[in-house]
Amino acid sequence: MSEYMLEMNRITKEFPGVKALNQVNIQIKEGEVHGLCGENGAGKSTIIKILSGVYPYGTYDGEIVIRKEVQHFQHTADSERAGIVCIHQELALVQELSVQENIFLGNEPTKMGVIQWDELYRNTTALLKELDLKINPNEKVKNLGVGQQQLVEIAKALSKKAKILILDEPTSALTEHEVEILMNIIRKLKENGVTCIYISHKFNEIFEICDSVSILRDGTYVGTKDIHELDRESLIYMMVGRKLDKMFPREPHTRKELSLEVKNFSVYDEQNPGRKLVDRVNLQAYKGEILGISGLMGSGRTELVSGIFGAFPGKKEGEVWIDGVKARIESPVEATEYGIALVSEDRKKYGLVLDMSIAENITLASLNKISAFVLHPDDEIQYSQKYVSALNVKTSSVETQVKNLSGGNQQKVVIGKWLMTEPKILILDEPTRGIDVGAKFEIYKIMNELVEAGVTVIMISSDLEEVLGISDRILVMCEGRIEGELDYREATQEKIMHYATGGGR
């Protein structure tokens, strides 16, 4: 038997105007956790879609070999029959069905065409126990948090007896505790001989769980290294083809006049109107600074900024002042009129219209600039091209549909859309989630340039290194309140976590 469980030989895949993969060769050993790294647009998603049968044999050149057998997948069912199961970054669960129904959907135990519910419950319970997941099999998926839903996706994949498990950014919505659960699951799978392909932009996870790493850059194969041959800097160099002197390009900022003031601001749960998600928050943000907002998941960070922006559906109380003037903001349109822009944490749900072009998305919040009763397509293209160039969006045309871009380039389109509104205050909620180190660096530079241009920048991030590395001042939230405020010169991860866990009370 070959030492390789999976071989991808001379894989080439082209789309109109772009070669997504060019003669890529990757070999993965049986029973190892193999990392796949590269910038957004490097070709990782294309590799996944070829392996999982989304792109059928014949639409690409090269061959896939599993245990010395050449595979010709025509659809995803062929891939799954060969033992390949993929957990995609976007969840594919049926919200109205229970956990057990989702896990065994299409593979339910039946007798004479009738589902055997007792057996389904037993099988689900056994699987959840094996994975150490404390989830009720009868609970509807819609009642679970996003992190728990992600773990249900993993249980669903494992119910198919995967030989090769592909995990695409599996921890993007997980808490620290859930990440540890996932890492333990992967270790158990490795002990049981399952081969895992692990895709993540989080280097700490790559170095914790992977045995080896293959790197792609601009659709070409750069190389494969044993994890012990790599450190953070060498991995970054292989990914981006250049050395990044600093992960966080901190620039000296001079704080100027007060731009945004929030007084006694509260936001209430739409489903439970008596419950406060944000409780009497007071904050000030100034021109000439990057204000970081940190806190654990569920601390109220997103509810706070979406409430300020007029986008949160629940009731809110308190005052918002812009440049010394009390603002009345009940909708994002009104917020935009006051000069506020919000790049939301879920770019695909709230930031983009995926079936529309780059040009249409960038101009969507600024139609008054390109239309006077009638839309002017030439102006739309001209304006959008300006931001595509400024943000270095990798695309052959501004008329490309946004859904065909990589995650990092989609994020740049969202930022471009809001920059076109020429905001006074730019709020960025998890601006670098799910994007690569090179794209992150570019976004940090854009933030610095905006501050120099007089824009007030507010950034929410779950990444403590990012908060510490790019913020001038940091507010830490816990259970809907601001527990602490730190200047970047005094801030540490330990101090942030102290306040994030209620230590300031």
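**A tour from helix α5 outward**

Eleven of the 13 residues of α5 are buried, so this helix is largely enclosed by the rest of the structure. The model is a predicted one, and α5 is the first stop.

**Stop 1: α5.** Select residues 146-158. At 1.5 Å a residue, these 13 residues should span 18 Å. The end C-alpha atoms are 19 Å apart, which agrees. Now colour the buried positions: Gly147, Gln149, Gln150, Leu151, Val152, Glu153, Ile154, Ala155, Lys156, Ala157 and Leu158. Charged residues are on that list, including Glu153 and Lys156.

What packs against the buried residues of α5? Show β6 (84-87), α3 (99-103) and α4 (117-130). Then add β9 (164-168) and α6 (176-191). Keep α6 on screen for the next stop.

**Stop 2: α6.** Select residues 176-191. This helix has 16 residues and reaches 23 Å from its first C-alpha to its last. That is close to the 22 Å expected at 1.5 Å a residue. Its buried residues are Glu178, Val179, Ile181, Leu182, Met183, Ile185, Ile186 and Leu189.

Look at the cover over those buried residues. It includes α5 and β9, both of which you have already met. β3 (33-37), β10 (195-199) and α7 (203-209) are also part of it. Then step past the end of the helix to Gly193, which follows α6 and has a positive phi, near 90 degrees.

**Stop 3: Gln71.** Jump to strand β5 (residues 69-71), where Gln71 sits. Is Gln71 buried or exposed? Its relative accessibility is 14%, under the 20% cut-off, so Gln71 counts as buried. Leaving aside residues up to four places away in sequence, Gln71 touches Ile64, Ile66 and Ala82. Now draw a distance to Leu51, 20 residues away along the chain: the two C-alpha atoms are separated by 9.6 Å.

**Stop 4: the whole chain.** Zoom out. The protein chain holds 17 helices and 24 strands. Its C-alpha trace spans about 70 × 50 × 50 Å along the principal axes. For 505 residues, a compact globule would have a radius of gyration near 23 Å; this chain has 24 Å, which agrees. Buried residues make up 53% of the chain. Of the contacts between residues at least 6 apart in sequence, 66% join residues at least 24 apart.

Finish on the surface. About 23200 Å² is exposed, and carbon and sulfur atoms supply 48% of it. Colour by charge to see 60 positive and 75 negative side chains. The centres of the two sets lie 1 Å apart.

Notes
Residues are numbered from 1 along each chain as its sequence is written. This is a predicted model: local features need pLDDT of at least 70, side-chain atom pairs count only at pLDDT 80 or more; totals for chains, interfaces and linings use all residues. Side-chain values use heavy atoms; hydrogens and water are left out. Helices (H or I, at least four residues) and strands (E, at least two) are DSSP runs, numbered from the N terminus. The expected span of a helix is 1.5 Å times one less than its number of residues. Buried means under 20% relative accessible area, exposed over 50%, partly exposed in between (1.4 Å probe, protein chains only). Contact means heavy atoms within 4.5 Å. The radius of gyration is taken over C-alpha atoms; the globule rule is 2.2 Å times the number of residues to the power 0.38. Accessible areas come from the Shrake-Rupley method with a 1.4 Å probe; for residues, only the protein chains shown count as cover. Lys and Arg count as positive and Asp and Glu as negative; His and the chain ends are not counted. The place of a charge is taken as NZ of Lys, CZ of Arg, CG of Asp or CD of Glu.
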